[in-house]
Amino acid sequence: MNLTRTVCPYCGVGCGIMAGADGTIKGDPEHPANFGRLCSKGSALGQTIDLEGRLLAPQIGGRDAGWDETLDLIANKFSTAIRDHGPDSVAFYLSGQLLTEDYYVANKLMKGFIGSANVDTNSRLCMASSVAGHRRAFGTDTVPGTYADLEQADLIVLVGSNLAWCHPVLHQRIAEAKSARPSMRVVNIDPRKTATSALADTHLRIVPDGDISLFNGLLTYLADTDALDQHYLKHHVSGGLPAITQARLGDPLESGLSHDELEQFYQLWAGTKKVVTVYSQGVNQSECGSDKVNAILNCHLATGRIGKPGCGPFSVTGQPNAMGGREVGGMANMLANHLDIENPDHRAKVQEFWKSPTISAEQGLKAVDLFEACASGKIKALWVISTNPAVSLPDAEGVAAAIANVPFVAVSDIMARTDTGDLADVLLPATGWGEKDGTVTNSERRISRQRAFLPAPGQARPDWQIICDVAARMGWSDAFGFSSPAEVFAEYVALSTATMDFGRDLDLSIFADADYVNMIPTQWPQNDKRFFANGGFYHPDGKARMLPVSTPKASARDAFTLNTGRNRDQWHTMTRSGKAPRLGAHLAEPYAEIHPEDAAALAISAGDLIELSSPKGTSILRALITDRCARRQLFAPMHWTRQQSSAGLVNNLAISVTDPVSGQPASKANQVSARKFGAV
Ligand code: SF4
């Protein structure tokens with residue numbers, strides 16, 4: 001059996017895979033992300049590539065239609081909406097599952113040709129707060145960490161990150177490094193005890209959103225114990241004094257930790273030179289997520305613990321190509337190549353490169369705002385590509401109603417039935433993993449090729465091609481005349497080279513002569529170049545910024561705090577992972593974890609159902625009684641859709657509270673009431 005080198009389509013670790021058309025799946029021993037390792041999800045990919053449930057032909061109003069008729073209709077509906085209501089009356093909603101080439105053409109079309117920035121992505125739910133934090137601190141959204149840093153660190157601090165379930169191969173790499181070097185310390189900071197806590201030497205159970213108190217306390221401790229790097233602060237950082245002054249106003253005990261726990265953690269951090277702080281959704285998915293990120297970055301900047309091997313803050317991305325999307329400006333507030341949409345020089349350069357008739361001068365609508373604009377009637381034509389917002393966004397029922405309120409909705413997907421697709425006027429059959437070619441970038445900025453090893457089923461087409469076909473019908477055939485993903489990638493590389501004079505270091509010139517077909521996984525800017533190694537950052541003065549960060553005001557929480565997240569063996573709304581029987585066997589039904597004392601207070605016994613309610617909706621879940629959750633806290637996975645279990649949909653409980661800087665929803669701290677199902 002010939003095996004094709006490709007990349008896992010699940011999490012942001014971006015493991016290399018060798019795959020065969022017969023369903024053979026092996027870890028790629030030569031891929032630097034995993035060196036042959038795979039987790040349960042990746043190794044079960046062979047069970048997910050059948051055609052059951054696939055969308056195999058374009059559909060208009062529920063009937064099969066030809067491609068020409070369907071593409072003409074979409075182009076006509078979008079053009080008419082733009083003519084009658086302006087460019088901001090249309091929107092695209094994309095996905096971190098898309099390949100970089102898909103992202104690139106969608107953003108080029110919306111920002112450079114339609115003239116709106118209403119193109120956002122489900123990556124907004126994943127790491128938008130990290131993007132905002134990086135931009136504030138570094139001047140660009142640049143992730144400094146690498147996977148090798150995790151193995152070289154003497155202390156790894158995992159904050160709001162259940163790596164064991166959500167980035168399992170990174171967890172394996174840390175576990176192996178710790179086993180080989182027992183002096184390595186791991187601290188897990190999380191309100192919930194998780195599988196990751198088992199790896200840690202210490203689990204610090206903070207209260208929800210207690211991170212800022214904890215890290216402001218660390219900054220204060222570092223200042224008070226003469227543990228700051230004064231030379232680094234003087235030459236490479238500004239804003240240190242105001243940040244420390246602000247941090248002193250907080251009380252670290254508000255983190256929920258005891259004095260002893262804080263003292264021990266602070267001593268360990270201050271006494272260890274090589275510290276990597278890894279963080280993900282527990283930090284990002286908060287109404288103060290951007291400030292949490294900057295509270296972490298402040299501590300690394302104040303001590304010069306950045307830009308060195310085994311050292312630095314490291315935001316790990318949730319989705320396989322969240323990073324690639326960011327690189328090509330895949331969010332409503334960015335331009336390609338880490339350029340700023342609100343900077344006139346950046347806009348002019350990109351427009352000149354694209355030779356486009358216009359370029360959006362303002363940020364577009366971020367995910368939650370975008371669907372609120374659908375609800376209010378502002379959006380007249382919406383195209384959802386490779387994602388299921390009617391399940392995955394907070395206030396899922398409200399989002400479904402908002403989509404239904406849009407006069408024209410197109411959905412591109414691999415599946416014939418999704419909760420969002422059921423609301424569409426037009427369905428477009430997209431090729432899926434194993435059938436399409438392109439590139440993805442993982443959490444450590446490594447660009448790898450996804451390669452097809454299966455034929456496109458039915459009439460399915462790759463997303464980049466569908467987008468270009470619509471653009472051509474809207475009158476822009478020259479700018480979207482790509483005939484392959486290699487040509488799209490080449491244009492993106494050329495754009496990166498053309499905009500190098502803005503000093504962004506997103507230099508892809510190493511790919512200029514790359515053999516796209518045989519491209520090997522490559523980190524940018526270069527394999528041997530470490531970001532910030534020379535102490536230079538991307539603000540105009542070349543310095544990083546420490547930001548004064550305030551402790552969030554504790555809101556009155558007399559209800560339960562519901563934390564939503566992932567299971568070990570499922571992915572998002574289970575479109576793909578739900579097909580694998582082995583994965584379904586892990587945790588087979590919707591559930592909510594509840595502390596034993598809370599369960600007793602509600603007269604809930606093992607196996608009972610628990611009913612959770614918020615002003616937005618109700619969910620009925622199996623009660624899983626465990627001390628993994630602290631008192632008055634619950635955890636429920638977000639995978640189940642209406643089609644699988646209408647009672648198990650948990651995002652219908654969430655109110656659309658977002659971080660005011662990043663627009664990322666606060667999915668970790670939903671306020672709900674709870675009772676035994678059936679109790680009166
Ligand atoms: Fe796929 Fe992530 Fe598992 Fe690697 S760790 S096999 S990328 S799901």
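This report walks through the domains, the ligand shell and three helix pairs of a predicted model.

## Domains and how two of them touch

Let's start with the overall layout. The domain assignment splits the protein into domain 1 (4-48), domain 2 (59-126 + 321-522), domain 3 (132-316) and domain 4 (560-676). Domain 2 is thus written as two stretches, 59-126 and 321-522.

Domain 2 and domain 4 have their centres 31 Å apart, taken over C-alpha atoms. Where they touch, 19 residues of domain 2 are in contact with 19 residues of domain 4. On the domain 2 side, helix 16 (367-376), helix 17 (389-392) and helix 18 (396-404) each put in at least two residues. That side of domain 2 is a mix by class: eight nonpolar, four polar and seven charged residues.

## Around the ligand

The ligand has 14 residues around it, and Cys-8, Cys-11, Cys-15, Cys-39 and Gly-42 come nearest. Two elements give two or more residues to this shell: helix 1 (40-43) and helix 7 (168-180).

If you sort the shell by class, you get nine nonpolar residues, four polar ones and one charged. As for where the shell comes from, domain 1 (4-48) and domain 3 (132-316) each provide at least three of its residues.

## Helix 8 and its two partners

Helix 8 (residues 211-224) is worth a look from two sides. Against helix 10 (residues 240-248), helix 8 packs at about 115°, with the axes 8 Å apart. Angles of 65 to 115 degrees count as roughly perpendicular, so that is how helix 8 and helix 10 sit relative to each other. Their crossing is left-handed. From helix 8, Asn-216, Leu-219, Thr-220 and Ala-223 meet Ala-243, Ile-244, Ala-247 and Arg-248 of helix 10. This contact has five nonpolar residues, two polar and one charged.

The other partner is helix 13 (residues 289-302), which packs with helix 8 at an angle of about 20°, the axes lying 9 Å apart. Anything under 35 degrees counts as roughly parallel, so helix 8 and helix 13 get that label. Helix 8 passes helix 13 in a left-handed crossing too. Here Asp-211, Ile-212, Phe-215, Asn-216, Leu-218, Leu-219 and Leu-222 of helix 8 meet Asp-291, Lys-292, Ala-295, Ile-296, Asn-298, Cys-299 and Ala-302 of helix 13. By class, the contact holds nine nonpolar, two polar and three charged residues. Asn-216 and Leu-219 turn up in both places: they meet helix 10 and also helix 13.

## Helix 3 against helix 19

The last pair is helix 3 (residues 100-114) and helix 19 (residues 463-473), whose axes come within 7 Å and cross at roughly 20°. With an angle like that, helix 3 and helix 19 are therefore roughly parallel to each other. The crossing of helix 3 with helix 19 is left-handed.

Helix 3 brings Glu-101, Asp-102, Val-105, Ala-106, Leu-109 and Phe-113 to this contact, and they meet Asp-463, Trp-464, Ile-467, Cys-468 and Ala-471 of helix 19. The class count is eight nonpolar residues, no polar ones and three charged. The charged residues here are Glu-101 and Asp-102 in helix 3 plus Asp-463 in helix 19.

Terms used: Residues are numbered from 1 along each chain as its sequence is written. This is a predicted model: local features need pLDDT of at least 70, side-chain atom pairs count only at pLDDT 80 or more; totals for chains, interfaces and linings use all residues. Axes are lines fitted to C-alpha atoms, for helices over the stretch in contact, and angles run from 0 to 180 degrees between N-to-C directions. Helices (H or I, at least four residues) and strands (E, at least two) are DSSP runs, numbered from the N terminus. Angles under 35 degrees count as roughly parallel, over 145 as roughly antiparallel, 65 to 115 as roughly perpendicular and the rest as oblique. A crossing is left-handed if the near helix is turned anticlockwise from the far one by less than a right angle, and right-handed if clockwise. Two residues are in contact if their C-beta atoms, placed from the backbone, lie within 7 Å. A residue is near a molecule or strand if its C-beta atom, placed from the backbone, lies within 6 Å of it. Domain bounds come from an automatic or database domain assignment.
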